[in-house]
Amino acid sequence: MSKVVAFSCLHAPFTRRDAFAWLISIIRQEKPTHIVNLGDWLEADAASVHPDEHAHTLDDEYRVAASQSAQIRKAAPKAALVWLLGNHDDNLQIKDARRIPKQLRDALHWNNSRAYGDEFREWTQICYEKSKHGCYHVGPLTFYHGYDCGVNTDQREAIEFAGMTGWQPGRLFVRGHTHRPVRVTQCQLNHNTQLPWWYANVGTLGPLKPQYAKRRNTTRWGAGCLVAEVKGWKWTAEVREFRNG
């Protein structure tokens, strides 16, 4: 039997301290065999196409994220660690002339940090790619960061990844990206027809009203994590939400 704790969107160095402390308490309590970080671990402000509005450096982001990694590993020293890169993480390496120059991408990679690279290399890292190569499986549970943000995109992407991974019935597809927690829900073709897949969203452990979202409605944003048990092809899972503050 496998036990999984999954979370997303820490956006270091802007991770909410109370939400992260809550996550650590969940990890200690559940003693998972797998810990899945669904990406956007880093804010990657240095690679933003927007003007730099923050005083911190990329090294500051690595320092905070490495400290979080160490706390997670201490809370579950035997767990397999998986980091599915999110779009913010990927911004540091993406081929885009508006972001990091090609000559600097390798030098700026978190794994190559002299101070913090060893900590990041403790994690199996999976590329940010909307394909079967950009997801991670624990039995019938499939994890990926997420790509679209519109209405019903949790279900739509679950069905897309069901196709990418062989249409096997009974799978649960888990993502973050939108910052909106969504409980474990069965896919539906319409109100009368259910499909043999489920989806969930773990929300964000980052800020609930960041500067870039000041004109957006973020009332549905929230902190959460998924706790799941898997035995063979059978699974139980729930999205737990952090309600403090």
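Two strands count as paired when DSSP finds at least two bridges between them. Keep that in mind for the sheet described below. The model here is predicted.

Start with the whole protein. It has six helices and 11 strands. Its radius of gyration is 17 Å, close to the 18 Å that the globule rule gives for 245 residues, so the protein is as compact as a globular protein of that length. The C-alpha trace spans about 50 × 40 × 35 Å along its principal axes. Of the 245 residues, 55% count as buried. Now take the contacts between residues at least 6 apart in sequence. Of these, 72% join residues at least 24 apart.

Next comes the sheet. Strands of a sheet pair through backbone hydrogen bonds, either parallel or antiparallel. This open sheet has six strands, in the order E4-E3-E2-E1-E10-E11, and its pairing is mixed. Which strands stand at the edges? They are E4 (124–126) and E11 (234–242). Each has a single partner strand, so one side of each is left without a neighbour in the sheet. On average, neighbouring strands of the sheet are turned by 20 degrees against each other, direction ignored.

Look at strand E2, residues 34–37. In the sheet order it stands between E3 and E1. E1 (residues 2–7) and E2 run parallel, joined by four bridges. Here Val5 of the one strand stands opposite Ile35 in E2. How does the chain get from E1 to E2, and what is the hand of the crossover? It passes through helix H1 (residues 17–30), and this β-α-β crossover is right-handed. With E3 (residues 80–84), E2 again runs parallel, and four bridges join the two. There, Ala80 in E3 is the bridge partner of His34.

Are the faces of E2 covered or open? Both are covered. His34 and Val36 lie on one side, Ile35 and Asn37 on the other, and all of these are buried.

Helix H1 also lies across the sheet strands. It crosses E1, E2, E10 (223–231) and E11. Against E11 it runs at about 150 degrees.

Now go to the nonpolar cores. The largest has 39 residues. Phe7, Ile35, Ile72, Leu92 and Phe120 are those with the most contacts inside this core. At least two residues each come from E1, H1, helix H2 (58–75), E3 and E10. Follow Phe7 for a moment. Leaving out residues up to four places away in sequence, Phe7 touches a list that includes Leu23, Ile35, Ile72, Trp123, Val202 and Cys225. Another core lies apart from the largest one. This second core has 21 residues, among them Val4, Ala6, Leu172 and Ala200.

Some backbone details are worth finding. Most residues other than glycine have a negative phi, and most peptide bonds are trans. Where does the chain depart from this? One place is the peptide bond from Ala12 to Pro13, which is cis, with omega near 15 degrees. Pro13 lies in the loop between E1 and H1.

Lys31 is another case. Its phi is near 50 degrees, a positive value in a residue other than glycine. Lys31 sits in the loop between H1 and E2. Is Lys31 buried or exposed? Its relative accessibility is 63%, so Lys31 counts as exposed.

Ala44 also has a positive phi, of about 55 degrees, although it is not a glycine. This residue is found in the loop between E2 and H2. Why does Ala44 count as buried? Its relative accessible area is 1%, and buried means under 20%.

Finish at helix H2, where Arg63 has its place. Arg63 has a relative accessible area of 40%, so it is partly exposed. Now compare Arg63 with Glu119. In sequence they are 56 residues apart. In space, C-alpha to C-alpha, Arg63 and Glu119 are 10.0 Å apart.

Key
Residues numbered from 1 in each chain as written. Predicted model: local features only at pLDDT ≥ 70, side-chain atom pairs only at ≥ 80, totals over all residues. Heavy atoms only, no water. Buried < 20%, exposed > 50% of the residue type's maximum accessible area, 1.4 Å probe, protein only. Right-handed = clockwise from strand over helix to strand, strands pointing away. Axes fitted to C-alpha atoms, helices over the stretch in contact; angles between N-to-C directions. Contact = heavy atoms within 4.5 Å. Core = buried A, V, L, I, M, F, W, Y, C linked by side-chain atoms within 4.5 Å. Rg over C-alpha atoms; globule rule 2.2 N^0.38 Å.
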